[in-house]
Amino acid sequence: MTHYDVFNGDADGICALHQLRLAEPKDSVLITGVKRDIALVKQVPGDTATSATILDISMDKNRDALLPLVNAGIKVSYFDHHFPGDIPESEHLDAHIDTDANTCTGLIVNEHLNGAHLAWAITAAFGDNLLDSARQAATALNLSDAELSQIQTLGTLLNYNGYGSSLEDLFFPPAELYQRVKPYKDPLAFINEDDAYQKLETGYNSDMENAKNTKPLLADESTAVFVFPEDAFARRVSGVYANDLAQQNPNRAHAMLSTLPGEGYLVSVRAPLANKTGADELCRQFETGGGRKAAAGINFLPASDLDKFTDAFKAQFG
Ligand SMILES: [Mn+2]
């Protein structure tokens with residue numbers, strides 16, 4: 001009997017799995033990666049797996065790997081909020097999918113567990129930049145403003161840790177970060193007792209400082225595009241910096257381009273917070289694009305497509 005826990009390497013993926021395993025401890029093999037690495041289901045070996053839990057990665061991007069698993073009778077629980085495409089009909093697939101722009105996998109799992117580990121669901125929602133949803137969910141807990149703000153920072157930092165083009169860019173491989181949070185029922189105890197929080201906070205502050213010194217390629221009231229140099233700081237911080245800019249400019253859409261080796265860009269797109277729609281539609285116009293209505297990305301935009309991208313971006317949000 002081998003169970004596989006397959007999860008996105010960001011705050012939402014880690015906190016969603018953490019809630020489930022606090023409620024139902026289980027020996028499992030972990031499959032995860034950098035936040036962008038979402039083709040994870042294909043790593044589940046059909047010949048040894050007896051069951052799998054899949055969290056916070058698009059079913060649409062994993063359907064080809066999922067089908068043979070459920071067809072072979074492997075029990076799959078799937079929790080997600082990304083575009084799923086057609087959900088396969090199978091008695092072996094238990095799918096909990098909600099693409100509402102104000103929910104995330106951590107909140108979907110929270111509902112499934114009747115709020116058993118709500119503080120971690122709130123951490124997940126903050127990580128996915130769902131500040132209103134997080135604060136609303138948090139009213140059920142009696143947290144002080146200071147505690148809530150620490151949990152918000154934890155969500156931001158766990159999310160920040162997931163960004164990069166490879167594990168080498170990251171402060172912690174996401175599987176290790178999950179192992180570190182695993183003993184903690186209370187995120188505040190994790191913050192105080194594990195040095196990961198400190199380490200991530202120091203890295204985050206330094207990367208954000210660098211990001212704020214980068215001038216936009218174009219910026220007006222409705223759109224802003226930033227191009228970052230080929231540097232690990234940029235790959236780590238572009239997504240969270242985009243979240244930060246979005247909070248400050250709620251009517252503006254943001255695109256963050258990180259220069260990759262070999263003439264291309266890694267792209268993060270945020271729809272305007274005031275109208276969280278269209279980011280996935282824009283990114284899916286490009287071969288390696290995907291994501292959610294509010295937040296999406298392109299894994300590799302060839303340098304020659306930069307104008308095509310800025311035109312499409314302005315057409316979508318301008
Ligand atoms: Mn998510």
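Visitor: Which loop holds Asn114?

Guide: This is a predicted model, so treat what follows as a reading of that prediction. Look past helix α3, which covers residues 105-112, and before α4, which covers 118-127. Asn114 sits in the loop between α3 and α4.

Visitor: Is Asn114 buried or exposed?

Guide: We count C-beta neighbours inside 10 Å, and Asn114 has 8 of them. The cut-off for exposed is 12 or fewer. So Asn114 counts as exposed.

Visitor: What is phi of Asn114 near?

Guide: Asn114 is a residue other than glycine, and its phi is positive. The value is near 50 degrees.

Visitor: Where does Asp56 lie, and is Asp56 buried or exposed?

Guide: Asp56 lies in the loop between β3 and α2. Its phi is positive too, near 65 degrees, and Asp56 is not a glycine either. Around Asp56 there are 31 other C-beta atoms within 10 Å, and 20 or more is the cut-off for buried. So Asp56 is buried.

Visitor: In what order do the strands of the five-strand sheet stand?

Guide: This sheet is open, and its pairing is parallel. One pair in it is β1 (residues 3-7) with β3 (residues 51-55), joined over five bridges, and Phe7 stands opposite Leu55 of β3. The order is β2-β1-β3-β4-β5.

Visitor: Which strands of that sheet stand at the edges?

Guide: An edge strand has a single partner strand, so one side of it is left without a neighbour in the sheet. From one strand to the next, the twist averages 10 degrees. The edge strands are β2 (29-31) and β5 (93-97).

Visitor: Which strands does helix α2 lie across?

Guide: Helix α2 takes up residues 59-71 and runs at about 165 degrees to β4. Helix α3 lies across β3, β4 and β5, at about 120 degrees to β4. As for α2, the strands are β3, β4 (75-80) and β5.

Visitor: How do α1 and α7 pack, and what do we call their arrangement?

Guide: Two packed helices are described by the angle between their axes and the distance between the axes. Helix α1 (residues 11-23) and helix α7 (residues 174-181) have axes 10 Å apart, at an angle of about 40 degrees. Angles under 35 degrees count as roughly parallel, and 65 to 115 as roughly perpendicular. The angle fits neither range, and α1 and α7 are therefore oblique to each other.

Visitor: Which residues of α7 meet α1?

Guide: The crossing of α1 and α7 is right-handed. On the α1 side you'll find Ile14, Leu17 and His18. The α7 residues they meet are Pro174, Leu177, Tyr178 and Val181.

Visitor: In what order do the strands of the six-strand sheet stand?

Guide: This sheet is open as well, but its pairing is mixed. At the edges stand β6 (218-219) and β10 (289-291), each with a single partner strand. The order is β6-β7-β8-β9-β11-β10.

Visitor: How many bridges pair β7 with β8?

Guide: Strand β7 covers residues 223-228 and strand β8 covers residues 253-260, and they pair in the parallel sense. Thr223 stands opposite Ala253 in β8. The number of bridges is six.

Visitor: Which residues of α10 make the contact with α6?

Guide: Helix α6 (residues 145-162) packs against α10 with the axes 8 Å apart, at an angle of about 140 degrees. Their crossing is right-handed. From α6 come Thr156, Asn159 and Tyr160. From α10 come Arg236, Val237 and Val240.

Visitor: Is Asp244 buried, exposed or partly exposed?

Guide: Asp244 is found in helix α10, which lies across β7, β8 and β9. It has 17 C-beta neighbours inside 10 Å. The cut-offs are 20 or more for buried and 12 or fewer for exposed. So Asp244 counts as partly exposed.

Visitor: What radius of gyration does the chain have?

Guide: The chain has 12 helices and 11 strands, and buried residues make up 46% of its 318 residues. A compact globule with that many residues would have a radius of gyration near 20 Å, and the chain's value agrees. That value is 19 Å.

Note on methods: Residues numbered from 1 in each chain as written. Predicted model: local features only at pLDDT ≥ 70, side-chain atom pairs only at ≥ 80, totals over all residues. Helix = DSSP H or I, 4+ residues; strand = E, 2+ residues; numbered from the N terminus. Rg over C-alpha atoms; globule rule 2.2 N^0.38 Å. Pairing = 2+ DSSP bridges. Contact = placed C-beta atoms within 7 Å. Axes fitted to C-alpha atoms, helices over the stretch in contact; angles between N-to-C directions. Left-handed = near helix turned anticlockwise from the far one by under 90°. Parallel < 35°, antiparallel > 145°, perpendicular 65-115°, else oblique.
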